[in-house]
Amino acid sequence: MTRAVLSVGSNLGDRLALLQSAVDGLAATVRAASGVYETAAWGGVEQGPFLNAVLIVDDPAADGQVWLRRAHELEQAAERVRIQRWGPRTLDVDVISCRNAEGMEMISDDPDLTLPHPRAHLRAFVLVPWLEVEPEAQLSVGERPRAVAELLEELEPEERAGVVLTDLVLRF
């Protein structure tokens, strides 16, 4: 694997600084960072709004498991606590998709790492920033690749409208 799409989010503490810590922790592997979007929490748990962004990262030595390990290391450095599913968090880093050097998407049903991310196609807070940095993006849903723009259009209008671009910027 060489390339991955990562979704980063935070709704506790200095949310922008925590997103920036993920970018800084990934250092030279970051090829693109979306704008920073504010969104309501997803998953039905009462909590404050999230800041979200998408990062495109590239490392010829990394496969999906390496990206997952790096994601967990970044979350641990941000003192993330996993108490409640979809609960508030200092930093959430999800591996959305991985592609090899030939551009082929990695498919994995491993219990620790399902690729592509099994719910990414349902989350406007992933799709909107991803399209910003990669307008031709595709994501496999079921057995076939689909245009991310098409997946976004299939979401409810209020879901899409709930992803609001801020004037905050991630530096890489």
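A nonpolar core is a set of buried Ala, Val, Leu, Ile, Met, Phe, Trp, Tyr and Cys residues joined through side-chain atoms within 4.5 Å. The exercises below concern a predicted model.

**Exercise 1. The nonpolar cores**

Identify the residues of the largest nonpolar core that touch the most other members, and state which elements supply the core.

*Solution.*
Step 1. The largest nonpolar core has 29 residues, and those touching the most other members are Leu-6, Leu-26, Leu-55, Val-57, Trp-67 and Leu-170.
Step 2. At least two residues of this core come from each of β1 (3–10), α1, β2, β4 (50–58), α2 (64–77), β5 (92–99) and β7.
Step 3. Take Val-57 as an example. Apart from its neighbours within four places in sequence, Val-57 contacts Thr-2, Arg-3, Ala-4, Leu-6, Leu-26, Thr-29, Val-30, Arg-31 and Trp-67.
Step 4. There is also a second, separate core of 22 residues, with Ile-56, Trp-130, Leu-131 and Leu-151 among them.

**Exercise 2. The covering of helix α3**

Determine how many residues of α3 are buried, and name them.

*Solution.*
Step 1. A residue counts as buried when its relative accessible area is under 20%.
Step 2. Eight of the 10 residues of α3 are buried, and the helix is therefore described as mostly covered.
Step 3. The buried residues are Ala-124, Phe-125, Val-126, Leu-127, Val-128, Pro-129, Trp-130 and Leu-131.
Step 4. Two of these names, Trp-130 and Leu-131, also appear in the second core.

**Exercise 3. Unusual backbone geometry**

Locate the cis peptide bond, and state where Ala-27 and Gly-142 take a positive phi.

*Solution.*
Step 1. Most residues other than glycine have a negative phi, and most peptide bonds are trans.
Step 2. The bond between Leu-115 and Pro-116 is cis, with an omega of about -10°. Pro-116 belongs to the loop between β7 (113–115) and α3 (124–133).
Step 3. Ala-27 is not a glycine, yet its phi is positive, about 45°. This residue sits in the loop between α1 (15–26) and β2 (30–33). Ala-27 counts as partly exposed because its relative accessibility is 47%.
Step 4. Gly-142 has a positive phi near 70° in the hairpin of β8 and β9, where two residues lie between the strands. These strands, β8 (residues 138–141) and β9 (residues 144–147), pair in the antiparallel sense over four bridges. Within this pairing, Ser-140 has Pro-145 of β9 as its bridge partner.

**Exercise 4. Salt bridges**

State how many salt bridges there are, and describe the pairs Arg-15 with Glu-38, Glu-73 with Arg-69, and Asp-92 with Arg-89.

*Solution.*
Step 1. Side chains of opposite charge can pair when their charged atoms come close. The cut-off is 4 Å between a side-chain nitrogen of Lys or Arg and a carboxyl oxygen of Asp or Glu. The count is seven salt bridges.
Step 2. Arg-15 and Glu-38 are joined at 2.8 Å, N to O. Because Arg-15 lies in helix α1 and Glu-38 in strand β3 (residues 37–39), the pair ties together parts that are 23 residues apart in sequence. With 30% relative accessibility, Glu-38 is partly exposed.
Step 3. In the bridge between Glu-73 and Arg-69, the closest N and O atoms are 3.5 Å apart. The two residues are four apart in helix α2, so about one helical turn separates them. Glu-73 is partly exposed at 42% relative accessibility, and Arg-69 is partly exposed at 47%.
Step 4. Asp-92 and Arg-89 meet at 3.2 Å, N to O, and both of these residues are buried.
Step 5. Finally, salt bridges link Arg-146, Glu-150 and Glu-154 in a network.

Definitions and conventions. Residues are numbered from 1 along each chain as its sequence is written. This is a predicted model: local features need pLDDT of at least 70, side-chain atom pairs count only at pLDDT 80 or more; totals for chains, interfaces and linings use all residues. Side-chain values use heavy atoms; hydrogens and water are left out. Buried means under 20% relative accessible area, exposed over 50%, partly exposed in between (1.4 Å probe, protein chains only). Contact means heavy atoms within 4.5 Å. Two strands pair if DSSP finds at least two bridges between them.
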